[in-house]
Amino acid sequence: MILEIMQKKLKNILISIFKKHGLSYLHAKISSNALINAELVGAPSHGLSRLKMYCDRIKKKLINPKPKIKIKNISKSIAHIDANNSIGFVAADIAIKKAISNSIKTGIGLVAVKNSGHYGLSGYYIEQAVKKKLIAMCFTNAPPAIAPHGAIKRLFGTNPICFGSPTDSNVPFILDTSVSMINRGKIRVAAKNKKKIPAGVALDKYGNPTINAEKALKGVQLPIGEFRGSGLAWMVDILSGVLTGGNHGGKVKDPFDDFSGPQNIGHLFIVIKANLFVGNYNKRIKENIKLIKKLPKVQGVKEILYPGQNKYKRYRTNLKKGIVIPKNILKEIKKLNAIR
Ligand SMILES: NC(=O)c1ccc[n+]([C@@H]2O[C@H](COP(=O)([O-])OP(=O)(O)OC[C@H]3O[C@@H](n4cnc5c(N)ncnc54)[C@H](O)[C@@H]3O)[C@@H](O)[C@H]2O)c1
């Protein structure tokens, strides 16, 4: 049994749930918008399936519903944010807006965040900058999932890397990828729904390949490109953890099953003006994409897509439809909304 619900109604329900858990209207709205966006772009692993987790962490005082977020301006371009254990969506929203405004003033905005939490999809924030014709990148670390190359214990998160650029069309270039073969949320959702995961993405705790989601969560996830992916995960841990003052080196807590303290995740946002070095960036990016798109294609491929094109298409299609909520998640939402 599933329920299809229109976005506006869903948004009001989510805002009401977050408010009941102590968030201000503004923070509840920011968080609800991020969850709905994840559903619309076809990433349910980062949408409603995480609502209960965020609420559980607020109830256990591991997410601060009324954070006193401090922004320290280091220069006109650079800022350091202490998110005071806010829900990650709010910290990231403040950080990207600060990076955007600094980049518009000076050409580049560099914003580091510490004491934050899981912020969902990186691309959601980068899109804000790209809509203003800016180039942007962001990094966040995440709870242990990947074993560093040569180790048998998981330590790095699935640590997504995100890069966005305007394209001279409505469809932004947004490369937003975990450095693991699949993101951990997909394994969580598979475990919740007793579904199998693809082969070649995880090992069980004994180091054997597995397609069992529960066993994969207890074992290790495989990085993209072997030691290269492990290296990228390490780079993200340095940029978003070591550099920012956030947790790093395997200390980011798993939001679903580690309630021993706040996550203290770190994020790093970099935004630059697209015409910083050349006056005709729009023309150049258009030409760049055109050159790549007209290459001969492998059999069965109709169009060479750039990163973000697939998500944009899903978003536009889903925007006209209701959001489909599986029965188990609907039950969680009803229970959370019933709290007084
Ligand atoms: N906050 C966290 O801790 C955390 C951790 C991991 C992942 N995430 C988020 O999860 C989301 C999903 O990550 P993912 O690794 O599953 O991404 P994915 O595998 O769905 O996509 C990765 C990238 O490949 C592009 N792509 C997909 N198909 C393509 C094609 N045919 N041609 C060209 N490009 C194509 C996509 O547009 C995207 O930019 C991301 O938004 C990421 O930020 C968050």
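Strands (E, at least two residues) and helices (H or I, at least four) are DSSP runs, numbered from the N terminus. The model is predicted, so that local features need pLDDT of at least 70 and side-chain atom pairs pLDDT 80 or more, while totals for chains, interfaces and linings use all residues. Residues are numbered from 1 along each chain, and side-chain values use heavy atoms, without hydrogens and water.

**Exercise 1.** Find which element gives the most residues to the shell around the ligand.

*Solution.* Begin with the residues near the ligand, meaning those with a heavy atom within 4 Å of it. There are 21 such residues, and D176, S178, N183, G308 and N310 come nearest. Next, look for elements that supply at least two residues of the shell, which are β7 (173-177) and α10 (309-319). Of the elements, β7 gives the most, with 4 residues.

**Exercise 2.** Describe polar contacts of the ligand, taking a polar contact as a pair of N or O atoms within 3.5 Å.

*Solution.* Start with the backbone, where a polar atom of G120 is 2.9 Å from a nitrogen atom of the ligand, and an N or O atom of G308 lies 2.8 Å from a ligand oxygen atom. Then turn to the side chain of K311, in which an N or O atom is 3.4 Å from an oxygen atom of the ligand.

**Exercise 3.** Place β7 in its sheet, given that two strands pair if DSSP finds at least two bridges between them.

*Solution.* First write the order of the open sheet of 7 strands, β2-β3-β4-β10-β5-β6-β7, whose pairing is mixed. Then read off the edge strands, β2 (70-73) and β7, each of which pairs on one side only.

Note on methods: Polar contact = N/O pair within 3.5 Å; in protein donor to acceptor, adjacent residues only side chain to side chain.
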